[in-house]
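Before us is a structure to be read step by step, as a learner and a teacher might do together. Please look through the sequence and the model before going on to the dialogue.

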Amino acid sequence: MEIKSLENKILCGDSAKVLKNFPDNFVDLVVTSPPYDQLRNYNGFSLDLHSIGVELFRVLKEGGIVAMVIQDSTKDFCKSLTSYRTILDWCDNIGFKLFETVIYHKNGTEGAWWKNRFRVDHEYMPIFLKGKKPQYFNKEPLKIPSKHGGKVMTGSGNRRTDGTTSKTVTRKINIMKCRGTVWDYMMAGDKNNLKRMHPAPFPDKIPYDFIQCFCPKQGIVLDPFIGCGSTAVMADKLNRKYIGIDISKEYCELAKKRLSIENRQEEIDAFKY
């Protein structure tokens, strides 16, 4: 397939098979959440994360990134370890490097497990890198307000490896700071009725943040499990090209519908001004 024929398209089919028809080294960023561990009824479809990883590594540019949202199921009081196995497999056997693992912090929901174990209020977001370093990295849009921003404060010295302590430093605290590796998000459904037609949506802000940070202007963003279309919608909103794939015709149509509605709303908003 030629790259131009793939841009801004939602493709229906098995991701591993569809990706085999893609050219090498042309995608800038992948943001996705695979239907892992059968935690949701995904229309009866299953997947092979290893085969998907092989194809994603091939189609990514040097310095390209895969940002994945994943969690482990719990059975007989123990975790499936799917997240860990995937990270090790993709790094040891496919060629990815683990740039970072970010924690997606969310509000836990009540359930029977509360009496027998800790409430689960997080998911993992491993960030995989192809090559030596990201081709594009801009965390400025992701910064959050500093608790003591604007104040002049004196901090205690840091402990050195030889046991000594560095001198204290007095300085003005920056207004904004790096958010670190724990990212807070609310409302996976984003109060969007179309999104709620999918069994496992993630907040639109997740792909929005990853795209701003890792995808250059006019770059290409791919989601091989497009679901309700959040990655494509946010890529389009940020003026990046998108490619979505899903094995479910129902979800492909759902993603297309969201894109159509979002585009129409943007035209209405632009007309108002």
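What follows is a conversation about how to read this predicted model.

Q: How many helices and strands are there in the protein chain?
A: The protein chain of this predicted model holds 7 helices and 14 strands. Of its 273 residues, 42% are buried, and among the contacts between residues at least 6 apart in sequence, 72% join residues at least 24 apart.

Q: How are the strands of a sheet held together, and what is the order of the strands in the open sheet?
A: In general, the strands of a sheet pair through backbone hydrogen bonds, and they may do so in a parallel or an antiparallel way. Here an open sheet of 8 strands follows the order E1-E14-E13-E2-E3-E7-E6-E12, and its pairing is mixed. The edges are formed by strand E1 (9-12) and strand E12 (182-184), each of which pairs on one side only, and from one strand to the next the twist averages 20°.

Q: Do E6 and E12 run parallel or antiparallel, and how many bridges join them?
A: E6 and E12 run parallel and are joined by 3 bridges; as an example to find in the model, isoleucine 103 has valine 182 of E12 as its bridge partner.

Q: Which strands does helix H3 touch where it packs on the sheet?
A: Helix H3 (residues 49-59) touches E2, E3 and strand E13 (220-223), and its direction makes about 140° with that of E3. H6 also packs on the sheet, where it touches E1, E2, E13 and strand E14 (241-246), with its direction at about 170° to that of E14.

Q: How should I describe two helices that pack together, and at what angle do the axes of H3 and H4 cross?
A: The general description of two packed helices uses the angle between their axes and the distance between the axes. In this case the axes of H3 and helix H4 (residues 82-94) come within 10 Å and cross at roughly 45°, and the two helices are therefore oblique to each other. The crossing in which H3 passes H4 is right-handed. On the side of H3 the contact involves Leu49, His50, Gly53, Val54, Leu56 and Phe57, while H4 contributes Thr82, Thr86, Asp89, Trp90, Asn93 and Ile94.

Q: What is the largest nonpolar core made of, and which residues have the most contacts inside it?
A: In soluble globular proteins, nonpolar side chains tend to be buried together. The largest nonpolar core here has 32 residues, and those with the most contacts inside it are Ile10, Leu29, Met125, Ile206, Phe210 and Ile211. Among the elements that each supply at least two residues are strand E2 (27-32), strand E7 (122-129) and helix H7 (249-272), but H5 gives the most, with 5 residues. A second, separate core has 29 residues, including Val27, Ile52, Met68 and Phe225.

Q: How many residues of H5 are buried?
A: H5 is mostly covered, since 8 of its 10 residues are buried, among them Ile206, Phe210 and Ile211.

Q: Is lysine 147 buried or exposed?
A: A residue counts as exposed when its relative accessible area is over 50%. Lysine 147 has a relative accessible area of 72%, so lysine 147 is exposed. Lysine 147 lies in the loop between strand E8 (144-145) and strand E9 (152-155), and although lysine 147 and isoleucine 175 are 28 residues apart in sequence, their C-alpha atoms are 8.3 Å apart in space.

Terms used: Residues are numbered from 1 along each chain as its sequence is written. This is a predicted model: local features need pLDDT of at least 70, side-chain atom pairs count only at pLDDT 80 or more; totals for chains, interfaces and linings use all residues. Side-chain values use heavy atoms; hydrogens and water are left out. A nonpolar core is a set of buried Ala, Val, Leu, Ile, Met, Phe, Trp, Tyr and Cys residues joined through side-chain atoms within 4.5 Å. Buried means under 20% relative accessible area, exposed over 50%, partly exposed in between (1.4 Å probe, protein chains only). Helices (H or I, at least four residues) and strands (E, at least two) are DSSP runs, numbered from the N terminus. Two strands pair if DSSP finds at least two bridges between them. Axes are lines fitted to C-alpha atoms, for helices over the stretch in contact, and angles run from 0 to 180 degrees between N-to-C directions. Contact means heavy atoms within 4.5 Å. Angles under 35 degrees count as roughly parallel, over 145 as roughly antiparallel, 65 to 115 as roughly perpendicular and the rest as oblique. A crossing is left-handed if the near helix is turned anticlockwise from the far one by less than a right angle, and right-handed if clockwise.
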